[in-house]
Amino acid sequence: QVQLKESGGGWVQAGGSLKLSCAASGLTFSRNTMGWFRQAPGKEREFVAAINWTGGGTYYADSVKGRFTISRDNAGNMVYLQMNSLKPSDTAVYFCAADPQILAITHGSLKDINAWGEGTLVTVSS
């Protein structure tokens, strides 16, 4: 059974930083594109960032470019999201996701993504 577990969420003032982690098990981690999504209160889940299976390609939503950085450690089956210059609009539950195809993460339907974590809450105060 594929399991993704996020950690690192919390409360931070605007302008601060947080680093999220996602631990994966039950899948061939190195052959999966990994991604981060977020869902703000009352909003639909939206794409945040993705990294391909080699780690050589990264993709970001326009809203987080220049502020967030995604990375992965295939040996440790981990993916990270470094979040800097946080804004109140970044407040959301952040979800880790995995899929063999990068297009499923960056451009596909959410229902087609192979695996999801349960989320970790990030709250940014004004």
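**Figure 1. Strands E5 and E6 pair in the antiparallel sense over 3 bridges.** Strand E6 covers residues 58-60, and strand E5 covers residues 46-51. The model shown here and in the views that follow is predicted. Within this pair, Ala50 stands opposite Tyr59 in E6. The two strands form a hairpin with 6 residues between them. Gly55 in this hairpin takes a positive phi near 85°.

**Figure 2. Strand E5 also pairs with strand E4.** Strand E4 runs over residues 33-39, and its pairing with E5 is antiparallel, over 5 bridges. Gly35 has Ala50 in E5 as its bridge partner. Ala50 is also the residue that stands opposite Tyr59 in E6. E4 and E5 make a hairpin, with 6 residues between the strands. Gly42, in the turn of this hairpin, has a positive phi of about 75°. Is strand E5 largely enclosed or not, and why? Of its 6 residues, 5 are buried, so E5 is largely enclosed by the rest of the structure.

**Figure 3. Phe95 is a buried residue of strand E9.** Strand E9 spans residues 92-99. The relative accessible area of Phe95 is 8%; because a residue under 20% counts as buried, Phe95 is placed in that class. Which residues does Phe95 touch, leaving aside its neighbours within four places in sequence? Its contacts include Gly35, Trp36, Phe37 and Gln39, and strand E4 covers residues 33-39. Trp116, Gly117, Glu118 and Gly119 are also among the contacts of Phe95, as are Glu6 and Arg45. Val48 lies 47 residues from Phe95 along the chain, and the C-alpha atoms of the two are separated by 9.5 Å.

**Figure 4. Asn77 has a positive phi in the loop between strands E7 and E8.** E7 covers residues 68-73 and E8 covers residues 78-83. The phi of Asn77 is near 55°, a positive value in a residue other than glycine. Asn77 is partly exposed, and its relative accessible area is 25%.

**Figure 5. Ser85 has a positive phi in the loop between strands E8 and E9.** Its phi is about 50°, although Ser85 is not a glycine. How much of Ser85 is accessible, in relative terms? The relative accessible area is 41%, and Ser85 is partly exposed.

**Figure 6. The whole chain, for orientation, has 1 helix and 11 strands.** Along the sequence these elements follow the pattern β-β-β-β-β-β-β-β-β-α-β-β. The C-alpha atoms fill a box of roughly 40 × 30 × 25 Å along the principal axes. The radius of gyration is 13 Å, which agrees with the value near 14 Å for a compact globule of 126 residues. Of these 126 residues, 44% count as buried. Among contacts in the chain with a separation of 6 or more, 58% are made by residues 24 or more positions apart. The chain exposes about 6300 Å², and carbon and sulfur atoms supply 48% of this area. There are 11 positive and 9 negative side chains, and the centres of the two sets lie 4 Å apart.

How values were computed: Residues numbered from 1 in each chain as written. Predicted model: local features only at pLDDT ≥ 70, side-chain atom pairs only at ≥ 80, totals over all residues. Heavy atoms only, no water. Buried < 20%, exposed > 50% of the residue type's maximum accessible area, 1.4 Å probe, protein only. Helix = DSSP H or I, 4+ residues; strand = E, 2+ residues; numbered from the N terminus. Pairing = 2+ DSSP bridges. Rg over C-alpha atoms; globule rule 2.2 N^0.38 Å. Contact = heavy atoms within 4.5 Å. Areas by Shrake-Rupley, 256 points an atom, 1.4 Å probe, with all protein chains shown as cover. Lys, Arg positive; Asp, Glu negative; His and termini not counted. Charge placed at Lys NZ, Arg CZ, Asp CG, Glu CD.
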